[in-house]
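Student: I'm new to this structure and would like a close look at one part of it. Could you walk me through the metal site and then what surrounds it?

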Amino acid sequence: MGDCIFCKIIKGEIPSKKVYDDKDIFAFEDINPQSPVHILIVPKKHIAKSLDVTEKEKELIGSIFMVANRLAVERGIAESGFRLVVNCNRDSGQEVFHIHFHLLGGRKMKWPPG
Ligand code: AMP
Ligand code: ZN
């Protein structure tokens with residue numbers, strides 16, 4: 001997807017602080033962190049938003065949770081707790097239309113979210 005910022009990050013055309021990379025999944029530090037740990041986990045396949053996930057991506061989406069678990073352990077937030085957030089469309093505040101999972105942790109969070 002030519003003008004997608006996250007596709008460009010995955011291809012290395014835009015720099016990022018990479019924290020994980022395999023054949024299907026890429027993860028990097030959020031440029032504007034909202035908590036001490038704020039990592040974005042993205043499938044390399046361009047899927048615009050969570051509403052577009054289909055049967056074909058079942059395994060891929062499951063793998064993202066496993067990457068999130070691994071990163072949470074690595075960053076020391078597995079036991080203290082963390083949030084895995086996917087925004088979808090306008091009311092959620094989705095800004096980048098390449099599906100991404102926010103891994104947030106390292107501080108006490110409020111519920112309900114703002
Ligand atoms: P969302 O509002 O769920 O679409 O989240 C988009 C996220 O991408 C925000 O948390 C931004 O800070 C983050 N972001 C945007 N551009 C970049 C970039 N070039 N590198 C890292 N994170 C970015
Ligand atoms: Zn993309």
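Tutor: H46 is partly exposed, because its relative accessible area is 23%, and a residue counts as buried only under 20%. Keep in mind that this is a predicted model, so each value here is computed from predicted atoms.

H46 is a good place to start, since its ND1 atom is one of the protein donors of the zinc ion (ligand 2). The others are C4 and C7, each through SG, and H98, through ND1. These donors lie 2.0 to 2.3 Å from the zinc ion. Along the sequence, their spacing reads C-x2-C-x38-H-x51-H. The pair C4 and H46 links distant parts of the chain, with their positions 42 residues apart. C4 sits in the segment before α1 (5-11), while H46 belongs to the loop between β3 (37-43) and α2 (58-74). C4 is buried, as its relative accessible area is 7%.

Now look at the angles around the metal. The four donor atoms subtend angles of 107 to 115° at the zinc ion, and therefore the arrangement is tetrahedral. For comparison, the ideal angle for four tetrahedral donors is 109.5 degrees.

Next, turn to ligand 1. There are 16 residues around ligand 1, and D30, N87, E95, H100 and H102 come nearest. In the side chain of D30, an N or O atom is 2.5 Å from an oxygen atom of the ligand. G93 takes part through its backbone, where an N or O atom lies 3.0 Å from a ligand oxygen. The side chain of H102 also has an N or O atom 2.8 Å from an oxygen atom of ligand 1. On its own, ligand 1 has 510 Å² of accessible area, and the protein covers 85% of that.

H102 deserves a second glance. You will find H102 in strand β5, and this residue is buried because its relative accessible area is 12%. Its side chain also makes a polar contact of 2.8 Å with the side chain of H38.

Finally, let's visit the largest nonpolar core, which has 18 residues. Among its members, I25, I39, I41 and L71 touch the most others. The elements giving two or more residues to this core are β2 (25-29), β3, α2 and β5 (101-105). Helix α2 supplies the largest share, seven residues.

How values were computed: Residues numbered from 1 in each chain as written. Chains lettered and ligands numbered in written order. Predicted model: local features only at pLDDT ≥ 70, side-chain atom pairs only at ≥ 80, totals over all residues. Heavy atoms only, no water. Donors = N, O, S within 2.8 Å, 3.2 Å for Na, K, Ca; no water. Tetrahedral: all angles 85-135°; square planar, octahedral: opposite > 155°, others 65-115°. Helix = DSSP H or I, 4+ residues; strand = E, 2+ residues; numbered from the N terminus. Buried < 20%, exposed > 50% of the residue type's maximum accessible area, 1.4 Å probe, protein only. Near = heavy atom within 4 Å. Polar contact = N/O pair within 3.5 Å; in protein donor to acceptor, adjacent residues only side chain to side chain. Areas by Shrake-Rupley, 256 points an atom, 1.4 Å probe, with all protein chains shown as cover. Core = buried A, V, L, I, M, F, W, Y, C linked by side-chain atoms within 4.5 Å.
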